[in-house]
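Here is a small set of exercises to work through with the viewer open. Try each task yourself before reading the solution beneath it.

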Amino acid sequence: MAAVRLSFSNITALAPMVRVGTLPMRLLALDYGADVVYCEELIDIKMAQCQRVVNEVLQTVDFVAPDDRVMFRTCEREKDRVVFQMGTSDPDRALTVARLVEKDVAAVDVNMGCPKEYSTKGGMGAALLSDPDKIEAILRKLVTGVSIPVTCKIRILPSLEETVRLVQRIEKTGVTAVAVHGRFKEERPRHPVHCDYIRSVAQAVSIPVIANGGSLDLVKTNADIEEFRKATGASSVMLARAAMWNASVFNSQGPLPVERVMEEYLKYAIRYDNHAFNTKYCLCQMLRDKVESPLGKQVQAAQTNAEISEAYRLQEFYQQTQEQLQARREALQSSSQPDRPVMDGDATTMAVKFERREYPPQITPKMFLLEWSRREKLEQPLYETVQRSQDRAFQSTVTVAEKKYRSSLWEKSKKFAEQAAAIVCLRVLGIPEGRIGEEDSGLVCKRKREQKANGTTQEEISKKRHVADIQQETETPVVANGDHHEPDTPPGRPQI
């Protein structure tokens, strides 16, 4: 059964906004009554390098760049109403990106109105307005190359006649709709919107025209949306700043207090692991003139979503969400991978997790691996840890005797990831790892266990001992926190 194509007639839409139109804001706008939501402009060159990744933990579809940054994240909730907007100046690249995302979005849009240098310097955005042949080539390529609607968003040209001719030419490419920002490319939000231009365009074409640019003067409440539609003669209305300041402008029952809107936004940001700096930016836009208030200063000082949640007294929600995500992560990991060694590139992997409760408080697998390496006169284990951006999980690889080992499961912290890597190495090599119930292997001496149990660090002890005591200590291999090293070994301290 074919999916219903997205309609652009008689709708209100969240406009594409850089740094604002990420998943939390789009979902919030839908909750409050927006019919269609646009993502922020995403550049074709960057998107073309992305891999589509199904994030089963967050229950999203992520488009992940080679450096593991999530360029675009979407979910089932918005699938039939989200429009993917791209910045492009090349028909082939545009088609590559459109085909990459077309199964996960309702339509694709080409930005032809952004006047900012980051867009225009590559011939994208408003730079396309001076090259109608390229506009036509891009749009025709997309219309014939994908199965979902194609739209574009423009600014008005220096004369009304030029603007009408351009939109008529755009219509002939087969696009489903065109959004018109009623300002010239050199104008900024402080300048009044030219409703007469939008009206003339709407009268000149048969496809839906979406009016944009009324947030400053004309649209302050939901009731104003219809007035803006009438003033422009457009089929539909697209809101940017009015929605950024308070997304409940889409609510037909009237606006909600911005404090409540910010809390609802933050819950989505936490639920979908939005980047903290993006979360901060959006909240500061909502705070507006209160950005220097005590709350605003606390938000600006925050570095993580956890710290932002403290500012809004949502710590309990944050903690519950993290526990739910971790439980989902563990369930997926435990059900999807066997507990046996598998070669993954140059590393031996196993589906292993570090369970703290399985080891005495004073003992860790890393301690055992370090002690074994010393006894075998090998270089100390080397750990390399990476963090996955889509869910902030960690994975570590340990190198021992020029061979690499890691767990195929991702951990919630760097320390746990390193312990898991150590476990894989120990199990593959058949070496005890220190779990409760194991026979005493002698790898970690009794006095060291006692020091660990009593909370005494080797550094504290070394300050109290004379050189002779330290020399005597090195005659007996000891692991602890890696504080001790063989006499000829540089004092690098692995973290256990």
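Two strands count as paired if DSSP finds at least two bridges between them. Keep that cut-off at hand, and bear in mind that this is a predicted model.

**Exercise 1. Work out in which sense β14 and β17 pair, and over how many bridges.**

Step 1. Find strand β14 at residues 347-350 and strand β17 at residues 403-407.

Step 2. Compare their directions: the two strands pair in the parallel sense.

Step 3. Count the bridges: there are four, and the cut-off for pairing is at least two.

Step 4. For a landmark, look at Met-350, which stands opposite Ser-407 in β17.

**Exercise 2. Follow β17 to β16 and describe how the two are connected.**

Step 1. Strand β16 covers residues 394-400 and runs antiparallel to β17, with four bridges joining them.

Step 2. Val-400 is the residue opposite Lys-403 in β17.

Step 3. Between the two strands lie two residues, and the whole unit is a hairpin. Check the backbone of Ala-401 in the turn: its phi is positive, about 50°.

**Exercise 3. Put the strands of this sheet in order and find its edges.**

Step 1. The sheet is open and has five strands, in the order β13-β14-β17-β16-β15, with mixed pairing.

Step 2. At the edges stand β13 (342-344) and β15 (382-387); each has a single partner strand, so one side of each lacks a neighbour in the sheet.

Step 3. From one strand to the next, the twist averages 30°.

Step 4. Now take β15 and β16: they pair in the antiparallel sense over six bridges. Gln-387 has Phe-394 in β16 as its bridge partner.

**Exercise 4. Which strands do helices α15 and α16 lie across, and at what angles to β16 do they run?**

Step 1. Helix α15 (residues 365-375) lies across β15 and β16, and its angle to β16 is about 15°.

Step 2. Helix α16 lies across β14, β15, β16 and β17, at about 40° to β16.

**Exercise 5. Decide whether Trp-410 is buried or exposed.**

Step 1. Locate Trp-410 in the loop between β17 and α16 (414-429).

Step 2. Its relative accessibility is 16%, and buried means under 20%. Trp-410 therefore counts as buried.

Step 3. Look for a partner that is distant in sequence: Ala-393 is 17 residues away along the chain, yet the C-alpha atoms of Trp-410 and Ala-393 are 5.7 Å apart.

**Exercise 6. Do the same for Leu-218, then list its contacts.**

Step 1. Leu-218 sits in the loop between β11 (209-212) and α8 (222-232).

Step 2. With a relative accessible area of 33%, Leu-218 is partly exposed.

Step 3. Leaving out residues up to four places away in sequence, Leu-218 touches Val-193, Cys-195, Asp-224 and Phe-228.

Step 4. For Phe-228, ten residues along the chain from Leu-218, the C-alpha separation is 6.4 Å.

**Exercise 7. Describe the sheet that contains β4, β5 and β6, and the helix that lies across part of it.**

Step 1. This open sheet has three strands in the order β4-β5-β6, with antiparallel pairing.

Step 2. Its edge strands are β4 (51-55) and β6 (70-74), each pairing on one side only. The average twist between one strand and the next is 25°.

Step 3. Strand β5 (residues 60-64) pairs with β6 over four bridges, and Phe-63 stands opposite Phe-72 in β6.

Step 4. Helix α1 (residues 23-32) lies across β5 and β6 and runs at about 25° to β6.

**Exercise 8. Which element gives the largest share of the lining of the largest pocket?**

Step 1. The largest pocket holds about 880 Å³ of space. Its lining has 29 residues, and those closest to the centre are Thr-22, Glu-40, Leu-42, Val-70 and Met-71.

Step 2. At least two lining residues come from each of α1, β3 (42-43), β6 and α11 (276-287).

Step 3. The largest share belongs to β6, with four residues.

Step 4. Sorted by class, the lining has 14 nonpolar, six polar and nine charged residues.

Definitions and conventions
Residues are numbered from 1 along each chain as its sequence is written. This is a predicted model: local features need pLDDT of at least 70, side-chain atom pairs count only at pLDDT 80 or more; totals for chains, interfaces and linings use all residues. Side-chain values use heavy atoms; hydrogens and water are left out. Axes are lines fitted to C-alpha atoms, for helices over the stretch in contact, and angles run from 0 to 180 degrees between N-to-C directions. Contact means heavy atoms within 4.5 Å. On a 1 Å grid over the protein atoms alone, a cavity is a set of points where a 1.4 Å probe fits but cannot get out, and a pocket is an open set with protein on both sides within 12 Å along at least five of seven lines; lining residues have an atom within 4 Å of a point. Grid points are joined across faces, edges and corners, and a volume is the space filled by probe spheres set on the points. Ala, Val, Leu, Ile, Met, Phe, Trp, Tyr, Cys and Pro count as nonpolar, Asp, Glu, Lys and Arg as charged, and the others, Gly among them, as polar. Buried means under 20% relative accessible area, exposed over 50%, partly exposed in between (1.4 Å probe, protein chains only).
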